Amino acid sequence: MSGDGRPDRRSSWQALASHAESMRSVHLRDLFDDTGDRFAHFSRHTAGLTLDLSKQRWQPETLSLLLDLARDADVPGAIGRLLNGERVNLSEGRPALHTALRLPEQASLLVEGEDVVPAVHRSLARMEAMVDKLHAGQWRGATGHAIQDVVNLGVGGSDLGPLMVTQALADYRPPEAERIRVHFASTMDGSQLADYLARFQPETTLFVLSSKSFTTIDTLTNARTARDWLFSRLVGNGDGVKRDLIMRQHFIGVSASPDKMNEWGIDPTNQLEFWEWVGGRYSLWGAIGLPIALITGMANFRSLLAGAHAMDCHFREAPLADNLPVLLALAGIWNVNFLDIRAHSILPYDGRLAYFSSYLEQLEMESNGKSVTHDGDVVNYSTCPVLWGQVGPNAQHAFYQLLHQGTQAVACDFIAPLKRYDDVTDPATREHLIDQHRLTLANCFAQSRVLMLGDDAIDDRVERPSYKRYRGNQPSTTVLLDRLTPETLGALIALYEHKVFVQATIWDINPFDQWGVELGKQIAGDTERVLVSGQGVESMDDSSRGLIQALWAAESSVPADEPKKET
């Protein structure tokens with residue numbers, strides 16, 4: 001490294017800042033006019049993915065300078081430390097080994113003297129036994145009826161990852177999985193769960209409690225409601241059902257805290273364990289992925305792991321200049337830190353990827369939404385941009401107006417599979433659906449073209465009033481999947497995981513902790529105690545006091561302008 005360790009003081013950072021001044025007035029249309037082979041120069045393909053970065057506002061010189069910055073930040077060494085199981089999560093003093101969850105069974109990875117791979121595959125085997133039992137109709141509820149509905153109770157990574165993947169791979173549901181319906185409940189207010197409890201039969205419903213710490217209030221609140229629902233329906237109805245039998249037949253626990261699962265009453269035979277070195281938002285690759293395996297089957301779940309592992313191998317082995325996660329990360333660094341583009345939209349052009357934007361919102365903003373370096377210094381440069389997105393064809397009728405004619409620059413990622421519907425058996429239906437997919441891709445390609453060129457995308461030379469003008473020059477990336485399969489989805493997710501890590505390495509921040517989330521949990525617990533006891537409200541700020549008193553007034557039907565008296 002050069003400089004004193006702070007990224008913005010490195011000579012490579014300063015060289016990029018100087019270069020950016022010369023690039024600010026350069027339009028993407030000029031970059032394409034100047035270079036006829038931008039796609040060949042700025043696109044790469046691996047693991048069933050094509051990454052096109054040619055519509056970024058950069059030149060070959062820009063990329064060369066960014067690669068210098070990556071080397072100064074020791075990105076190659078950081079990749080090795082991550083994948084080798086070193087303690088890259090410095091604030092919590094542990095590795096971040098989600099990549100170990102997708103290592104093949106014959107692999108070996110020693111972490112502080114212990115090979116973690118056998119334990120990973122024992123957990124997968126235990127999960128597979130549960131999946132097979134449920135698929136075969138052999139998992140019976142307390143009254144002897146086969147389980148039909150499985151409700152995953154989780155939040156954050158214990159919900160978003162499995163929810164996203166099950167939606168994306170719904171086409172891969174094998175026949176044996178048809179007898180099981182999988183549902184997700186994450187909201188603390190109980191609205192999702194209440195809907196399920198009104199429709200499902202307790203005799204045939206199984207709940208999966210997914211929580212790394214097994215202390216997450218959102219999940220445990222829903223779990224207590226589910227447990228009370230089962231007890232009220234199945235105990236004392238004349239069939240001799242006991243509470244311990246209900247707990248054994250209607251609950252599975254997934255956590256890194258077996259002791260807490262035991263305390264809550266989860267039978268040890270129904271516990272799936274993962275490890276403290278797996279971050280919640282990186283955990284779908286292991287036991288948290290149980291809902292994925294229930295919907296897609298274990299064979300497809302293992303293919304998902306294999307696709308991610310293929311990207312891991314590429315990440316480790318490919319030179320920086322050909323490394324897809326590194327290149328994707330450097331494009332983001334260029335936009336955020338040197339072009340001052342602090343908004344990023346994720347736009348999948350496939351309805352199966354409807355939850356991918358939400359998944360990346362957590363992955364990126366919880367990981368890199370940091371403002372303090374590893375050494376505890378407050379940063380004076382931007383880190384993670386604000387992410388949002390939606391399925392592209394729908395977003396075109398929602399917020400694309402801002403992208404095309406708004407006042408704020410936004411970087412966009414367009415994501416789409418090249419092939420779809422060619423396996424539909426009915427010829428007439430297949431032809432129509434392939435036409436629809438071609439139309440979807442036409443929209444995907446057209447939108448990135450208009451964002452790039454603006455009015456110049458239309459070759460009619462017609463003078464337009466200002467309100468019909470498109471300025472263009474909005475950078476975008478396109479990620480094309482050969483087709484959406486378990487393997488390419490695994491590679492796609494791993495691509496973005498590693499992108500986040502590379503950016504964190506360059507920014508000198510920790511992408512594997514989330515202390516801001518922890519503070520929110522603590523204050524919420526303190527506030528709940530005030531709401532229940534009435535004690536301590538006087539020490540709170542005026543706004544919080546007013547809100548609490550409004551709640552008390554509503555609960556007691558006291559007019560809102562009369563504060564509730566202390567008890």
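In this predicted model, helix α14, which covers residues 324-338, contains 15 residues and reaches 21 Å from its first C-alpha to its last, close to the 21 Å expected at 1.5 Å a residue. Because 15 of the 15 residues of α14 are buried, this helix is largely enclosed by the rest of the structure. The helix is followed by D340, a residue whose phi is positive, near 60°. A contrasting position is provided by E317, which belongs to helix α13 (residues 298-317). With a relative accessible area of 60%, E317 counts as exposed, since the term applies to values over 50%. The C-alpha atom of E317 is separated by 9.7 Å from that of I79, although the two residues are 238 residues apart along the chain.

The chain as a whole comprises 21 helices and 13 strands. Its radius of gyration is 26 Å, close to the 24 Å that the globule rule gives for 567 residues, and the chain is therefore as compact as a globular protein of that length. Along the principal axes, the C-alpha trace spans about 80 × 65 × 60 Å. Of the 567 residues, 55% are buried, and among contacts between residues at least 6 apart in sequence, 73% join residues at least 24 apart.

Two sheets are described here in turn. In general, the strands of a sheet pair through backbone hydrogen bonds, in either a parallel or an antiparallel manner. One open sheet consists of 5 strands in the order β6-β5-β7-β8-β9, and its pairing is parallel. The edges of this sheet are occupied by β6 (181-185) and β9 (271-273), each of which has a single partner strand, so that one side of each is left without a neighbour in the sheet. On average, neighbouring strands here are turned by 20° against each other, direction ignored. Within the sheet, strands β5 (residues 149-153) and β7 (residues 205-210) pair in the parallel sense over 5 bridges, and T205 in β7 is the bridge partner of D149. Helix α8 (residues 191-199) lies across β5, β6 and β7 and runs at about 145° to β6, while helix α9 (residues 217-234) packs on the sheet by touching β5, β6, β7 and β8 (251-255), with a direction that makes about 160° with that of β7.

The other open sheet has 6 strands in the order β1-β2-β13-β12-β10-β11, and its pairing is mixed. Its edge strands, β1 (43-46) and β11 (386-389), each pair on one side only, and neighbouring strands are turned by 15° against each other on average, direction ignored. Strands β2 (residues 49-52) and β13 (residues 476-483) run antiparallel and are joined by 4 bridges, with L480 in β13 as the bridge partner of T50. Helix α15 (residues 356-368) lies across β10 (343-348), β11 and β12 (411-419), at about 170° to β11, whereas α19 packs on the sheet by touching β2, β10, β12 and β13, its direction making about 150° with that of β13.

The largest nonpolar core has 126 residues, and those with the most contacts inside it are F356, L489, L492 and Y496. Helix α19 (residues 486-507) contributes the largest share of this core, 13 residues. Apart from residues up to four places away in sequence, Y496 touches L328, F356, L360, L363, E364, D413, I415 and V479. A second, separate core has 25 residues, among them A223, L234, V241 and M261.

Definitions and conventions. Residues are numbered from 1 along each chain as its sequence is written. This is a predicted model: local features need pLDDT of at least 70, side-chain atom pairs count only at pLDDT 80 or more; totals for chains, interfaces and linings use all residues. Side-chain values use heavy atoms; hydrogens and water are left out. A nonpolar core is a set of buried Ala, Val, Leu, Ile, Met, Phe, Trp, Tyr and Cys residues joined through side-chain atoms within 4.5 Å. Buried means under 20% relative accessible area, exposed over 50%, partly exposed in between (1.4 Å probe, protein chains only). Helices (H or I, at least four residues) and strands (E, at least two) are DSSP runs, numbered from the N terminus. Contact means heavy atoms within 4.5 Å. The expected span of a helix is 1.5 Å times one less than its number of residues. Two strands pair if DSSP finds at least two bridges between them. Axes are lines fitted to C-alpha atoms, for helices over the stretch in contact, and angles run from 0 to 180 degrees between N-to-C directions. The radius of gyration is taken over C-alpha atoms; the globule rule is 2.2 Å times the number of residues to the power 0.38.
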